[in-house]
Amino acid sequence: MITEIAPAETRTQTPEPPKSPRTKHRRAWDEAPRWQIYLPLGIYLLFTLIPFYWILLFAVRPAGSTSLVPWPMTGEHFAKVWTERSFGTYFMNSVWTGLATLVLTTVVALIGGYALARFDFRGKRGFMLALLCSQFVPGALLLVPLFQIFAELQMINSLVSVVIAETVFQLPLSMILISGFIKNVPYSLEEAAWVDGCNRFNAFRVVVLPLLRPGLIAVGSFAFVHAWNHFLFALMFLSVQDKQTIPVGLNTLLSADSVDMGALAAGGIIAAVPVVIVFAFIQKWLITGFSSGAVKG
């Protein structure tokens, strides 16, 4: 049976659905003049960049100068803090502490996160709740017992004590994040690898681990930055100058009588540059990790 199609002019046209207020608001925003968008953003950017300009001004202008323009420029403050104030040693200690914390936190969080994502065991919900609640415990509350433990183990004035303390305090959140990434990887991929002859470890290494790259980079980068910037543990566990890190080194530039603003600004820039470089290179991985962290396709 052949059904005749009605001419186009006689067909009934479906009325368009009414536009929602959100659609109208979005169209009004798209049609807004550009200055209404860029002016607030420009004011916010100016407000944000002024402190950075101020610290750069103090770092590169000569001592005693009151000019608001960094000219003539000088590097005497950087040379002073790097050599006379031992910032070269502080910098290397911070690099070692940050990298060790990154590796240890990522490896342990990966193992624990896989267990939380793939296995059901008694007390799992209570354990997850304990991990979340541990984030509300301030690190200063555990300084005394940690100091006693490290003293008994003869680990005071050792960078290993700072690495262990930083890892312990970052593991709960890191394990929760990694478990979320692993849950987003289809379990059928691992099962297919098992059918092909892989054991659980090889299936995880070949199939799951490559898909966790954005999540691992996100967790590792935050572990590195937190260890790089943390002041309290390094201050309490490291009293020898050769073992101190950059945050403690910045604190040594402050005195009760006077403050060398040029040296302090130069030290602040030395402390900030590595973190800025890290985030500049891994920003796309951070966005991918925290937005999806899953298999695409």
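Here's a quick briefing on the fold, the empty spaces and the cysteines of this protein. The model is a predicted one. What you're looking at is a helix-only layout, with 13 helices and 0 strands. There's 1 cavity of 30 Å³ or more, and the largest pocket comes in at about 330 Å³.

**Overall build**
- Reading from the N terminus, the elements go α-α-α-α-α-α-α-α-α-α-α-α-α, which fits the tally of 13 helices and 0 strands.
- The protein has 297 residues, and 33% of them are buried.
- Take the contacts between residues at least 6 apart in sequence: 72% of these join residues at least 24 apart.
- About 19100 Å² of the protein is exposed, and 67% of that area is supplied by carbon and sulfur atoms.

**The largest pocket**
- This pocket has a volume of about 330 Å³.
- Its lining takes in 16 residues, and the ones nearest the centre are Gln135, Phe169, Gln170, Leu173 and His226.
- Two elements, α7 (159-183) and α10 (213-229), each give two or more residues to that lining.
- Of the elements, α7 gives the most, with 5 residues.
- If you're thinking about the chemistry of the lining, it splits into 9 nonpolar and 7 polar residues, with no charged ones.

**The largest cavity**
- Rolling a probe the size of a water molecule over the atoms shows where empty space is left.
- The count here is 1 cavity of 30 Å³ or more, and the largest cavity has a volume of about 30 Å³.
- Around the largest cavity sit Thr97, Val162, Glu166, Ala227, His230, Ala234 and Thr245.
- By class, that lining has 3 nonpolar, 3 polar and 1 charged residue.
- So the charged tally reads 1 for the lining of the largest cavity, while the lining of the largest pocket has no charged residues.

**Cysteines**
- A disulfide is a covalent bond between the sulfur atoms of two cysteines.
- The structure holds 0 disulfides.
- Cys133 has a relative accessible area of 40%, so it counts as partly exposed.
- Cys198 is also in the partly exposed class, because its relative accessible area is 29%, and the band for that class runs between the 20% and 50% cut-offs.

Terms used. Residues numbered from 1 in each chain as written. Predicted model: local features only at pLDDT ≥ 70, side-chain atom pairs only at ≥ 80, totals over all residues. Heavy atoms only, no water. 1 Å grid on protein atoms, 1.4 Å probe; cavity = no way out; pocket = protein on both sides within 12 Å on 5 of 7 lines; lining within 4 Å. Points joined across faces, edges and corners; volume = space filled by probe spheres on them. Helix = DSSP H or I, 4+ residues; strand = E, 2+ residues; numbered from the N terminus. Buried < 20%, exposed > 50% of the residue type's maximum accessible area, 1.4 Å probe, protein only. Contact = heavy atoms within 4.5 Å. Areas by Shrake-Rupley, 256 points an atom, 1.4 Å probe, with all protein chains shown as cover. Disulfide = S-S within 2.5 Å.
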